[in-house]
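This report looks at one helix, at a set of aromatic contacts and at a small sheet. The sequence and the structure are shown here for reference.

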Amino acid sequence: MSKKEMNSGSYELVIVGAGIVGLSTALSAAKSGVHSILCLDQHGVANSVGASGDGLRLFRVSYFEHPAYVPLLREAIEAWKALGDDLYVPVGGFYAGPQESELIWGALLSAHRHNIPHDEMTAAEAMRRFPQFHLPTEYVGFFEPQAGFVRAARATRAMAAACERKGVKIQEATVAGLEPIGNRWLVRGDDWEVSANQVIVAAGNGTGALVPHVAPHVTSRTHTLLWIEPASDIWREAPGFGIMNRAGEMLYGFPALDDMPGVKIGAHHHLPSRTLEDQMADLVVLLAQYLQHLKKNLLSRKTCAYDMSPDGNFIIGRVEPGLTVACGFSGHGFKFGSVIGDIVWQAANTGLPDELGFLDVLRYPWTT
C-alpha cells in the first residue's frame, strides 16, 4: 500500500496486529460480510518478534487452565485441518507431575468433564511407555492422543493467504495512536492516518500502549527457549509434553523434528527466575531432572515475550464503542488461532457468549 493510500484510507474495520489473532479476526470479519478491512503490523506477517513466527506451538485438549476452553479447542482442530495440511500434527501430549499439581488435576478435570480420550498411569508405567522422561516415583502421568503441535509460521502465513483471498489488505506499518472522531476511529502512524468504523487491537505486548484502559492489566514477560541435541532417535517419536513440579514450575517441549533443530525446551507458569540468565540456569536444572537421552549440546537459544493477564486467561471485548481488544493470551493462545477470530469478532459486535464470560475485558476495572 502506498503512502497516499495510508493517508487517505477509509475502512469498515482496521485491525492492529497481524499475528494469528489479528489475522483470524480479519478472516472472520470478511466471512461475515465486511468488505473493507485493513490489518496492520509493525513487523509484518510471521515475524520472529511476536508469538506467530517460527517453530512449533503445543496443542493441548485436556486444558488445565479452564475446562471451558475445551469446546474451542475441538473446533480449532477441525479449523486447522481446513486451513491447511500438516498445520496441526497430533503426535499426542504427555503430562506429568504430582497428583495435586495444577497441571494434572486441571487436565483430569477437563478430560472427565468433556469425555476426552486419555490414559492415566504411574510414574513407572509412564517411563516404560515414554523412555524420554525421568519422573519421581510419586508423580503420575497423563497422555492424550489428540494433543500435539501447530506449526506456527506456516499456520500464520496460511491464515494471511486466506485473508488476502477474501480481500483483506495486510500492511507493514507502525501504529502510533488511536483517536475517536465522531462515530468513527482515526488510526495514526508517524506520517499517515486512516479511519474506520471499528478498530480491533490485537497487538500483543503493544496493546496497552494503544488502549490505556487495559494497560494496567497486560504485562510483558520474557521467556527463554532452548533447542538441545538429542542423543537418541526416540526423541523423533516423542509426544509434546509438560511436566510440573510441586512449586508449579512447568517444563514443556516438543519432539525433534525438521521445523527446528533439536528438542525444543521451555518453561511456563510459575518459574520465578528474574533474569534471562537465571531462566536458562533453571531450565538446565529442570531438563536434567526430567529428560533423558539428550546431549549437552545447545543447538539454539531464543527469547520470546508473552503478553500476560493477571489470571492467565485471555482478555477480549469492547472497551469503547467501536474499539475492541484481544490480548493477554499469556503464552497459551496460539493453538486457538484457527477459531479465535470468530470469538473476537463476536465480542466486538454482540459480546462474548456466557460460557466465555471469564475472558471478558470487563472483568478488570478501568483505571484513570
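## Helix H8 and its two faces

On helix H8, the exposed residues Glu277 and Ala288 are carried by the face turned away from the buried side of the helix. These statements refer to a predicted model. The buried residues of H8 are Gln279, Met280, Leu283, Leu286, Leu287 and Tyr290. Viewed down the axis of H8, these buried residues fall within an arc of 130 degrees, so they line one face of the helix. The length of H8 was also checked: its 15 residues, 276-290, should span 21 Å at 1.5 Å a residue, and the C-alpha atoms at its ends are 21 Å apart, which agrees.

## Aromatic pairs

The count of aromatic pairs comes to 18. In one of these, the ring centres of tyrosine 69 and phenylalanine 336 are 5.3 Å apart and the ring planes stand at 50 degrees; because angles from 30 to 60 degrees count as neither stacked nor edge-to-face, the pair is tilted. This pair links distant parts of the chain, 267 residues apart, with tyrosine 69 in the loop between strand E3 (56-59) and helix H3 (70-83), and phenylalanine 336 in the loop between strand E19 (323-327) and helix H9 (337-349). Tyrosine 69 is buried, with a relative accessible area of 0%, and phenylalanine 336 likewise counts as buried at 0% relative accessibility.

The rings of tyrosine 252 and phenylalanine 254 have their centres 6.3 Å apart, and their planes are at 85 degrees, so this pair is edge-to-face. Tyrosine 252 is buried at a relative accessible area of 10%, while phenylalanine 254 is buried at 2%. Ring pairs also join Tyr63, Tyr69, Phe314, Phe329, Phe336 and Phe358 into a cluster.

## Charges over rings

The table gives two arginines whose charged ends sit over a phenylalanine ring.

| Charged residue | Ring | Distance to ring centre |
|---|---|---|
| Arginine 57 | Phenylalanine 334 | 5.8 Å |
| Arginine 129 | Phenylalanine 143 | 4.8 Å |

## A three-stranded sheet

Strand E3 also belongs to an open sheet of three strands, which has the order E3-E8-E4 and antiparallel pairing. The edge strands are E3 and strand E4 (88-89), each of which pairs on one side only. Between E3 and strand E8 (residues 148-151), the antiparallel pairing extends over four bridges, and leucine 58 has phenylalanine 149 as its bridge partner in E8.

Notes. Residues numbered from 1 in each chain as written. Predicted model: local features only at pLDDT ≥ 70, side-chain atom pairs only at ≥ 80, totals over all residues. Heavy atoms only, no water. Expected span 1.5 Å × (residues − 1). Buried < 20%, exposed > 50% of the residue type's maximum accessible area, 1.4 Å probe, protein only. Arc of directions from axis to C-beta. Phe/Tyr/Trp six-rings, centres within 6.5 Å; stacked < 30°, edge-to-face > 60°. Lys NZ or Arg CZ within 6 Å of the ring centre and 35° of its normal. Pairing = 2+ DSSP bridges.
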